[in-house]
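Take a look at the fold below. Then work through the questions one at a time.

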Amino acid sequence: MNIVHVVGARPNFMKAAPVLKALGTRPNVRQTLVHTGQHYDAEMSEVFFDQLKMPKPDISLAVGSGTHAEQTATIMVRFEPVVLEHKPDWVLVYGDVNSTVAAALVCSKVGVKVAHVESGLRSFDRSMPEEINRVLTDQIADLLLTPSKDGDLNLVREGIPRSKIRFVGNTMIDTLIQLLPSAANLVPKDLPSRYALVTLHRPSNVDDPIALRELCETLAWLSMRIEVFFPVHPRTRRRMQEFNMPVDSPGLHLLPPTPYLQFLGMQQHACLVLTDSGGIQEETTYLGVPCLTLRENTERPITTTMGTNVIVGRDLGLLRAESLRVLSGDFRRGTIPPLWDGHASERIADCLCNPAEHQPAPEPAASSVA
Ligand code: UD1
């Protein structure tokens, strides 16, 4: 079987690494790894390949940054000849970034089958580019591999036949489980015993000067109560410079983007994580670390119903109140969602290599999808 994997942005790498590994153990599987180059800085890409022990990409499309249209279109133009030349049995796409939908669209037009890893997640907020990427990718994919049961339900509601959907679990958690022991040795030695960890990169938080200023002021407020470590995404750093943001509180430490293992170790030992990322909501849930999400919604509701995640949106009063509550020790410990067990990638390999043994679950009762 001939499989092409497409990755492009930082959050794709940890989702794809264990799938490559699992398929690598199956007989008669040939794999080709394509990196679109959506993320290209060494600290946003190369270091992840090294730490995740991923093979170097076989093909680099080197698309770089641009508007959504430029980036999506350039990936499509450069990926199409790859598909035509390699004639894969399956193309695997990951998550919800522009590279995901661009590669899926190419395949749907040339009649090559697409499997979407992390299918079915919905924020129901179509102002987010990622939501458009998710909905479109799922509409054209041939195999929809969901990380949680809410994903199955969303897909069925959107009219996707049950026969295409497989609940396999979360491949990002496979990576976490495999690499947590290595992360322990790489936690920076000078970290204090109690600290908060922050990440911010969503356009709604960082592209608007008023929103970003208010967030920076709130981080300065928090840093007077607990030391705050903030690895800054390139987009956010650019905006901070452009808007001349005040970030000079002594307890607020700005860091460059942090490699996977160091960041994982820092998450594991944090008292509190503040984020607008999707994946970090899941990692904190697995680790049992309280997470406050600086977004109005989440496409990962299981992290709020079963896990440690609380959505605070743009309500900075709520953010302060919830932070104080967590720092006083008052937070829900949560539980680990079903099939976040380290074996999701094996199940994906089974779905592709032994499809007869991996049939979908029975149709849900009509009342539950109304
Ligand atoms: C992208 C994804 C987002 C994901 C995030 C993780 C889309 C629509 N968005 O957002 O879902 O959560 O990745 O990081 O696909 N830049 C660099 N170096 C890099 C990459 C980016 O300097 O290696 C800068 C550029 O100025 C670029 C900006 O960051 O224009 C934004 O990068 P882009 O990939 O367009 O979107 P992200 O905000 O990273």
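Q: In what order do the 7 strands of the open sheet run?
A: This is a predicted model. Its open sheet has 7 strands with parallel pairing. The edge strands are β3 (59-60) and β7 (165-167), and each pairs on one side only. The order is β3-β2-β1-β4-β5-β6-β7.

Q: How many bridges join strand β1 to strand β2?
A: Strand β1 covers residues 2-7 and strand β2 covers residues 30-35. The two run parallel. Isoleucine 3 stands opposite glutamine 31 in β2. The number of bridges joining β1 to β2 is 6.

Q: Which residue in β4 is the bridge partner of valine 4?
A: Look at where β1 meets β4. The two pair in the parallel sense, over 4 bridges. In β4, the partner of valine 4 is valine 91.

Q: Which residue in β5 is the bridge partner of valine 91?
A: Now move on to β5. β4 and β5 pair in the parallel sense over 5 bridges. In β5, valine 91 has as its bridge partner valine 114.

Q: How many of the residues of β4 are buried?
A: Consider each direction in turn. Trp90, Leu92 and Tyr94 point one way from β4, and all are buried. Val91 and Val93 point the other way, and they are buried too. So the side chains fit a general pattern: in a regular strand they alternate between the two faces of the sheet. The count of buried residues in β4 is 5 of 5.

Q: Which residues are buried on the two sides of strand β6?
A: Strand β6 spans residues 143-146, and both of its faces are covered. One side has Leu143 and Leu145. The other side has Leu144 and Thr146. The buried residues are Leu143 and Leu145 on one side, and Leu144 and Thr146 on the other.

Q: Which residue in β6 is the bridge partner of histidine 116?
A: Histidine 116 pairs with a residue of β6. β5 and β6 run parallel, joined by 3 bridges. The partner of histidine 116 is leucine 144.

Q: Why does the ligand lie between two domains?
A: Domain 1 is 2-170 + 339-357, and domain 2 is 184-327. Both give residues to the shell around the ligand, so the ligand lies between domain 1 and domain 2.

Q: Which helix gives the most residues to the shell around the ligand?
A: The ligand is surrounded by 20 residues. Helices α1 (10-24), α3 (68-86) and α10 (234-243) each supply at least two residues of the shell. With 3 residues, the one that gives the most is α10.

Q: How many charged residues does the shell around the ligand have?
A: Sort the shell by class. It has 5 nonpolar and 8 polar residues. The closest residues to the ligand are Gln38, His39, Glu130, His201 and Arg238. The number of charged residues in the shell is 7.

Q: How much of the ligand's accessible area does the protein cover?
A: A polar side-chain atom of glutamine 38 lies 2.8 Å from an oxygen atom of the ligand. One from histidine 201 also lies 2.8 Å from a ligand oxygen. On its own, the ligand has 750 Å² of accessible area, and the protein covers 90%.

Q: How far is a backbone N or O atom of asparagine 98 from an oxygen atom of the ligand?
A: Start with the side chain of asparagine 98. It makes a polar contact with the side chain of glutamine 71, at 2.9 Å. The backbone of asparagine 98 has an N or O atom whose distance from a ligand oxygen is 2.9 Å.

Q: Is glutamine 71 buried or exposed?
A: Glutamine 71 sits in helix α3. Its relative accessible area is 8%. Buried means under 20%. Therefore glutamine 71 is buried.

Q: What is the phi of lysine 87?
A: Most residues other than glycine have a negative phi. Lysine 87 is not a glycine. It lies in the loop between α3 and β4 (90-94). Its phi is positive, about 45 degrees.

Q: Is phenylalanine 124 buried or exposed?
A: Phenylalanine 124 lies in the loop between β5 (113-117) and α5 (129-140). Its relative accessibility is 60%. Exposed means over 50%, so phenylalanine 124 counts as exposed.

Methods. Residues are numbered from 1 along each chain as its sequence is written. This is a predicted model: local features need pLDDT of at least 70, side-chain atom pairs count only at pLDDT 80 or more; totals for chains, interfaces and linings use all residues. Side-chain values use heavy atoms; hydrogens and water are left out. A residue is near a molecule or strand if one of its heavy atoms lies within 4 Å of it. A polar contact is a pair of N or O atoms within 3.5 Å; within protein, one must be able to donate a hydrogen and the other to accept it, and residues adjacent in sequence count only if both atoms are side-chain atoms. Accessible areas come from the Shrake-Rupley method with a 1.4 Å probe; for residues, only the protein chains shown count as cover. Ala, Val, Leu, Ile, Met, Phe, Trp, Tyr, Cys and Pro count as nonpolar, Asp, Glu, Lys and Arg as charged, and the others, Gly among them, as polar. Domain bounds come from an automatic or database domain assignment. Buried means under 20% relative accessible area, exposed over 50%, partly exposed in between (1.4 Å probe, protein chains only). Two strands pair if DSSP finds at least two bridges between them.
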